[in-house]
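Please walk through this protein with the sequence and the model side by side, taking the interior before the surface.

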Amino acid sequence: MTIGIDIGGSTTKIVGIKNGKIVEPLSVEANDPIASASGALGKFLTRNKLRLDEIQKVIITGVGASFLDEQLLGLPLHKIEEFRALGYGGLFLSRLQSAVIVSMGTGTAFVKAKGKCIQHLGGTGVGGGTILGLSKA
């Protein structure tokens, strides 16, 4: 199984891919990227009745990925730039060969993806996470 973790500014999202199929994704909120990633992985394993030795690969992305070193809970980490993760993930989920993918997290990003060519088209710092944060304030 391969695990993908997006360590964002407001939430950490995690998903598993096993035999080409998605294993129930989940998210956690924490302001510390290491605690957030560790907690998300632990919660994901527990909820899906998985063991650490069933994980072959952990791929991380997001603003918090830079705070993690080479391992998480003893598993080696592979970092991928966030726009590439967004492009590849969008193509995988849509089953399309090319697409414009929009991510609305803390900010909003537009990415053009075609095969292995991923291009950031633009975006804004305003997104769903920003709106939630402002509404709490």
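The paragraphs below go from the nonpolar cores to two threonines, then to a loop residue, the salt bridges and a surface patch.

The model shown here is a predicted one, and its interior is a natural place to begin. The largest nonpolar core holds 22 residues, of which Ile3, Ile5, Ile14, Phe44, Val58 and Ile60 touch the most other members. Two or more residues of this core come from each of strand 1 (2-7), strand 3 (21-28), helix 1 (33-47), strand 4 (57-61) and strand 6 (75-79), and the largest share, 5 residues, is that of helix 1. To see how one core member is surrounded, take Val58, which, once its neighbours within four places in sequence are set aside, is in contact with Ile3, Ile5, Leu75, Pro76, Leu77 and His78. Apart from the largest core lies another one, made of 8 residues, including Leu86, Ala99, Val111 and Ile118.

Two threonines come next. Thr12 belongs to strand 2, which spans residues 12-18, and Thr12 counts as buried because its relative accessible area is 1%, where buried means under 20%. Which residues does Thr12 touch, not counting those up to four places away in sequence? They are Ile5, Asp6, Ile7, Leu26, Ser27, Val28, Ser36, Ala37 and Ala40, and with one of them, Ser36, the side chain of Thr12 makes a polar contact of 2.4 Å. Thr108, for its part, is located in strand 8 (residues 108-114) and is also classed as buried, with a relative accessibility of 11%. A polar atom of the Thr108 side chain lies 2.8 Å from the backbone oxygen of Val126, and Val126 appears again among the residues that Thr108 touches beyond four places in sequence, together with Val102, Ser103, Gly122, Gly123, Thr124 and Gly127.

Ser36 leads on to a loop residue, Ala30, which sits between strand 3 and helix 1 and is partly exposed, with a relative accessible area of 34%. Leaving out neighbours within four places in sequence, Ala30 is in contact with Ser10 and Ser36. Between Ala30 and Ala40, which are 10 residues apart in sequence, the C-alpha to C-alpha distance is 9.6 Å.

The charged side chains can be followed next. Side chains of opposite charge can pair when their charged atoms come close. In this model the count of salt bridges comes to 3. One of them joins the side chains of Asp6 and Lys13, at 3.8 Å from N to O, and Lys13 is partly exposed at 33% relative accessibility. Around Arg51, a salt bridge is formed with Asp53, the closest N and O atoms being 3.0 Å apart, and another with Glu54, at 3.7 Å from N to O, so that Arg51, Asp53 and Glu54 are linked in a network. Within this network Arg51 and Asp53 are both exposed, the value for Arg51 being 52%, whereas Glu54 is partly exposed, with a relative accessible area of 21%.

The last stop is on the surface, where Val100, Val102, Met104, Phe110 and Leu121 make a nonpolar patch of about 480 Å². Which strand gives the most to the nonpolar patch? That is strand 7 (residues 98-104), with 3 residues. Met104, itself in strand 7, is exposed because its relative accessible area is 61%, and exposed means over 50%.

Definitions and conventions: Residues numbered from 1 in each chain as written. Predicted model: local features only at pLDDT ≥ 70, side-chain atom pairs only at ≥ 80, totals over all residues. Heavy atoms only, no water. Patch = residues over 30% accessible without salt bridge, like charges linked within 9 Å, V, L, I, M, F, W, Y side chains within 5 Å. Areas by Shrake-Rupley, 256 points an atom, 1.4 Å probe, with all protein chains shown as cover. Salt bridge = Lys/Arg side-chain N within 4 Å of Asp/Glu carboxyl O. Helix = DSSP H or I, 4+ residues; strand = E, 2+ residues; numbered from the N terminus. Buried < 20%, exposed > 50% of the residue type's maximum accessible area, 1.4 Å probe, protein only. Core = buried A, V, L, I, M, F, W, Y, C linked by side-chain atoms within 4.5 Å. Contact = heavy atoms within 4.5 Å. Polar contact = N/O pair within 3.5 Å; in protein donor to acceptor, adjacent residues only side chain to side chain.
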